[in-house]
Amino acid sequence: MSQMKQRWTSRKFLVSLVAQLAAVAVLMWPEHESTIVEASRSIGSLLVITLTALGYVAAEASVDRQRVESQETPS
């Protein structure tokens, strides 16, 4: 994965982006602050859960790929 793509898909970046979007939304619609904060918390949590699961799958796939490649290489 390229370094730029890693930055855009990092959990820290995505969670901070959700927080910033929530702050802007609260500034625009202060009467809905609690609803916006709860929604942003849920969205941030879902992003972290999804990215963690995808990261685990990618790591396991990499390990499996290396294992297969090492078995195919003649000794």
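Of the 75 residues of the protein, 11% count as buried, where buried means under 20% relative accessible area, exposed means over 50%, and partly exposed covers what lies in between (1.4 Å probe, protein chains only). The model is predicted, so local features need pLDDT of at least 70, side-chain atom pairs count only at pLDDT 80 or more, and totals for chains, interfaces and linings use all residues. Residues are numbered from 1 along each chain as its sequence is written, and side-chain values use heavy atoms, with hydrogens and water left out.

**Overall architecture**

- The secondary structure comes to three helices and zero strands; helices (H or I, at least four residues) and strands (E, at least two) are DSSP runs, numbered from the N terminus.
- Read from the N terminus, the elements follow the order α-α-α.
- The protein exposes about 6,300 Å², of which carbon and sulfur atoms supply 64%; accessible areas come from the Shrake-Rupley method with a 1.4 Å probe, and for residues only the protein chains shown count as cover.

**Helix α1**

- Helix α1 comprises residues 3-8 and includes W8.
- W8 counts as exposed, at 53% relative accessibility.
- Not counting residues up to four places away in sequence, W8 touches F13 and L14; contact means heavy atoms within 4.5 Å.

**Helix α2: two sides**

- Helix α2 (residues 11-28) has 18 residues and reaches 26 Å from its first C-alpha to its last, close to the expected 26 Å; the expected span of a helix is 1.5 Å times one less than its number of residues.
- Which residues of α2 are buried? They are L14, V18, A22, A25 and V26.
- These buried residues cover an arc of only 115° around the axis, which puts them on the same side of α2; the arc is that of the directions from the helix axis to the C-beta atoms.
- On the other side of α2, the residues K12, Q20, L27 and M28 are exposed.

**Helix α3**

- Helix α3 covers residues 33-72.
- The 40 residues of α3 should span 58 Å at 1.5 Å a residue, and the end C-alpha atoms of α3 are indeed 58 Å apart.
- Buried residues in α3 are I36, S40 and G44.
- The cover over the buried residues of α3 includes α2.

**Where distant parts of the chain meet**

- R11 lies in helix α2 and is partly exposed, with a relative accessible area of 46%.
- R11 and V48 are 37 residues apart in sequence, while their C-alpha atoms are 5.9 Å apart in space.
- Leaving aside neighbours within four places in sequence, R11 is in contact with V48, L51 and T52.
- V15 also has its place in helix α2, and V15 is partly exposed, with a relative accessible area of 36%.
- V15 touches G44 and V48, not counting residues up to four places away in sequence.
- The C-alpha atoms of V15 and R41 are separated by 9.0 Å, and these two residues are 26 residues apart along the chain.

**Salt bridges**

- Side chains of opposite charge can pair when their charged atoms come close.
- How many salt bridges are there? The count comes to two salt bridges, where a salt bridge is a side-chain nitrogen of Lys or Arg within 4 Å of a carboxyl oxygen of Asp or Glu.
- One salt bridge joins R41 and E38, whose closest N and O atoms are 2.9 Å apart.
- R41 and E38 are separated by about one helical turn because they are three residues apart in helix α3.
- E38 counts as partly exposed, at 45% relative accessibility.
- R67 forms a salt bridge with D64, and the closest N and O atoms are 3.3 Å apart.
- R67 and D64 both lie in helix α3, three residues apart, which is about one turn of the helix.
- R67 counts as partly exposed at 46% relative accessibility, and D64 is partly exposed with a relative accessible area of 38%.

**A nonpolar surface patch**

- V24, L27, M28 and W29 make a nonpolar surface patch of about 450 Å².
- Patches are made of residues with over 30% relative accessible area and no salt bridge, with like charges joined within 9 Å and nonpolar side chains (Val, Leu, Ile, Met, Phe, Trp, Tyr) within 5 Å.
- V24 lies in helix α2 and counts as partly exposed, at 43% relative accessibility.
- L27 and M28, which also belong to the patch, are among the exposed residues of α2.
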